[in-house]
Amino acid sequence: RAFVFDSVGSFGEAAAVATGSAQKLLAPVLDSLSPRRFAGHGEAVPKFADPSAARAALLAAFRAAAKRDVTVGDALDLTLVTREGVSRERVSLLEGS
């Protein structure tokens, strides 16, 4: 599941979230890379096999967006939250990195 927070303190939860300058690029890529299962309310929720599959999908989406929109930047601060804990890393979005 994805959580989004905005600058005025609002937050929400969604199947996949894309914000910022590359939102129009990221949203369809995330939708296409996210496996689906259906929750009780008919809402589609991504369900990845494991955290590494979620990480790979996110990196693919951000690398695709970074190629098309320079304002995405050249690195992604990625935080994965699992039952085992929280991991944080900065990942390069540049080719060959």
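Here is a quick briefing on the chain shown above, going from the overall fold to single residues.

This is a predicted model, where local features need pLDDT of at least 70, side-chain atom pairs count only at pLDDT 80 or more, and totals for chains, interfaces and linings use all residues. Residues are numbered from 1 along each chain as its sequence is written, and side-chain values use heavy atoms, with hydrogens and water left out. The chain has two helices and six strands, taken as DSSP runs numbered from the N terminus (H or I, at least four residues, for helices; E, at least two, for strands).

**Overall layout**

- Reading from the N terminus, the elements go β-β-α-β-β-α-β-β.
- The chain has 97 residues, and 23% of them count as buried; buried means under 20% relative accessible area, exposed means over 50%, and partly exposed is in between (1.4 Å probe, protein chains only).
- The accessible surface adds up to about 6,900 Å², with 54% of it belonging to carbon and sulfur atoms. Areas like this come from the Shrake-Rupley method with a 1.4 Å probe, and for residues only the protein chains shown count as cover.
- Take the contacts in the chain with a separation of 6 or more: 33% of them are between residues 24 or more positions apart. A contact here means heavy atoms within 4.5 Å.

**Helix H2 and what covers it**

- Helix H2 takes in residues 51–68, which is 18 residues, and at 1.5 Å a residue it should span 26 Å; its end C-alpha atoms are indeed 26 Å apart. The expected span is 1.5 Å times one less than the number of residues.
- On the buried side of the ledger, H2 has Ala 54, Ala 57, Leu 59, Ala 61, Ala 65 and Ala 66.
- The cover over those buried residues includes helix H1 (23–33), strand S5 (75–82) and strand S6 (85–92).
- Ala 65, which lies in helix H2, has a relative accessible area of 2%, so it counts as buried.
- Setting aside neighbours within four places in sequence, Ala 65 touches Ala 22, Leu 25, Leu 26 and Val 72.
- Ala 65 and Leu 93 sit 28 residues apart in sequence, and their C-alpha atoms are 9.4 Å apart in space.

**The S5–S6 hairpin**

- S5 and S6 make a hairpin with two residues between them.
- The two strands pair in the antiparallel sense, over eight bridges; strands are said to pair if DSSP finds at least two bridges between them.
- Within this pairing, Thr 79 is opposite Arg 88 in S6, and Asp 77 has Arg 90 in S6 as its bridge partner.

**Salt bridges**

- A search of the whole structure turns up two salt bridges, each being a side-chain nitrogen of Lys or Arg within 4 Å of a carboxyl oxygen of Asp or Glu.
- One is between Arg 55 and Glu 89, with the closest N and O atoms 2.7 Å apart. This pair links distant parts of the chain, with Arg 55 in helix H2 and Glu 89 in strand S6, 34 residues apart.
- Arg 55 is partly exposed at 27% relative accessible area, and Glu 89 is partly exposed at 32%.
- Asp 77 forms a salt bridge with Arg 90, and there the closest N and O atoms are 2.7 Å apart. Asp 77 lies in strand S5 and Arg 90 in strand S6, so the pair ties together parts 13 residues apart in sequence.
- Asp 77 and Arg 90 are both exposed.

**The N-terminal strands and a nonpolar patch**

- Phe 3, Phe 5 and Phe 11 form a nonpolar patch on the surface, with about 420 Å² of accessible area together. Patches are built from residues with over 30% relative accessible area and no salt bridge, joining like charges within 9 Å and nonpolar side chains (Val, Leu, Ile, Met, Phe, Trp, Tyr) within 5 Å.
- Phe 5 belongs to strand S1 (residues 2–5) and counts as exposed, at 61% relative accessibility.
- Glu 13 is in strand S2 (residues 11–14) and counts as partly exposed, at 42% relative accessibility.
- Glu 13 and Phe 3 are 10 residues apart in sequence, yet 4.5 Å apart in space, C-alpha to C-alpha.
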